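This briefing covers a ligand site, one helix and a few single residues. The sequence and structure come first, and the notes follow by topic.

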Amino acid sequence: AEGDAAAGEKVFKKCKACHAVGEDAKNKVGPVLNGVVGAAAGQKEDFKYSSNLLELAEGGLTWDEETLAAYLTKPKDVIPKGKMSFAGLKKEEDIANVIAYLSGF
Ligand code: HEM
């Protein structure tokens, strides 16, 4: 699905308590999300990921559109013992848009 990055910036407000993006972004409760779209999971060296996320990363988990969409719909479906305490996004459109927004960083 083709997302709208400008609309995705608004969706990202739901993520901002825990995540930052951009040049001066720092890890918060969650890791910086620069470069995450298309990348292997668990790559931010200075962030302490859950062991469950790291295991799946070792098994080859990559954040492509499909896995990201699943994770953002229901984090526990993708990383059952992960530590992202987020209920998930309900609208497919919001998910496509936030992925488009994240693709710009
Ligand atoms: C992990 C995206 C909301 C906390 C991640 C990862 C992504 C992501 C892509 C994996 C990063 C990686 O592998 O390097 C998002 C988006 C959100 C959102 C797009 C909003 C739609 C939140 C919220 C919180 C949070 C609200 C805090 C309450 C975390 C934590 C991790 C994480 C702690 C690490 C998970 C682990 O180690 O198991 N998030 N997130 N996220 N996120 Fe979020």
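By class, the shell around the ligand consists of 17 nonpolar, 6 polar and 2 charged residues. The model is predicted. The ligand takes up the space of the largest pocket.

**Ligand site**

- Of the 25 residues around the ligand, those that come nearest are Cys 15, Cys 18, His 19, Ser 50 and Met 84.
- Helix α3 (residues 65-73) supplies the largest share of the shell, with 3 residues.
- His 19 has a side-chain N or O atom 2.8 Å from a nitrogen atom of the ligand.
- Ser 50 places a polar side-chain atom 2.6 Å from an oxygen atom of the ligand.
- Trp 63 also has a polar side-chain atom beside a ligand oxygen atom, at 2.8 Å.

**Helix α5**

- How many of the 11 residues of helix α5 are buried? The count is 8, so the helix, which spans residues 92-102, is largely enclosed by the rest of the structure.
- The buried residues of α5 are Asp 94, Ile 95, Ala 96, Asn 97, Val 98, Ile 99, Tyr 101 and Leu 102.
- The cover over these buried residues includes α1 (5-11) and α3.

**Leu 72 in α3**

- Leu 72 belongs to helix α3, the helix that gives the ligand shell its largest share of residues.
- Leu 72 has a relative accessible area of 11%; because this is under the 20% cut-off, the residue is buried.
- Beyond residues up to four places away in sequence, Leu 72 touches Met 84, Phe 86, Gly 88, Leu 89, Ile 95, Val 98 and Ile 99.
- Among these partners, Ile 95, Val 98 and Ile 99 are also listed as buried residues of α5.
- Met 84, another partner of Leu 72, is one of the residues that come nearest to the ligand.
- Leu 72 and Met 84 are 12 residues apart along the chain, and their C-alpha atoms are separated by 10.0 Å.

**Asn 52 and Lys 81**

- Asn 52 is part of helix α2 (residues 51-58), while Lys 81 sits in the loop between α4 (75-78) and α5.
- Is Asn 52 buried or exposed? Its relative accessibility is 13%, so Asn 52 counts as buried.
- Lys 81, in contrast, has 69% relative accessibility and counts as exposed.
- With neighbours within four places in sequence left aside, Asn 52 is in contact with Ile 79, Pro 80, Lys 81 and Gly 82.
- On the same basis, Lys 81 is in contact with Ser 50 and Asn 52.
- Ser 50 thus appears twice: as a contact of Lys 81 and as a residue with a polar side-chain atom 2.6 Å from a ligand oxygen atom.
- Lys 81 and Ser 51 are 30 residues apart in sequence, with a C-alpha to C-alpha distance of 8.3 Å.

**Asp 77 in α4**

- Asp 77 lies in helix α4.
- What is the relative accessibility of Asp 77? The value is 55%, and because exposed means over 50%, Asp 77 counts as exposed.
- Asp 77 and Pro 31 are 46 residues apart in sequence and 19 Å apart in space, taken from C-alpha to C-alpha.

Technical notes:
Residues numbered from 1 in each chain as written. Predicted model: local features only at pLDDT ≥ 70, side-chain atom pairs only at ≥ 80, totals over all residues. Heavy atoms only, no water. Helix = DSSP H or I, 4+ residues; strand = E, 2+ residues; numbered from the N terminus. Buried < 20%, exposed > 50% of the residue type's maximum accessible area, 1.4 Å probe, protein only. Contact = heavy atoms within 4.5 Å. Near = heavy atom within 4 Å. Polar contact = N/O pair within 3.5 Å; in protein donor to acceptor, adjacent residues only side chain to side chain. 1 Å grid on protein atoms, 1.4 Å probe; cavity = no way out; pocket = protein on both sides within 12 Å on 5 of 7 lines; lining within 4 Å. Sits in = over half its atoms within 2 Å of the grid points. Nonpolar A, V, L, I, M, F, W, Y, C, P; charged D, E, K, R; others polar.
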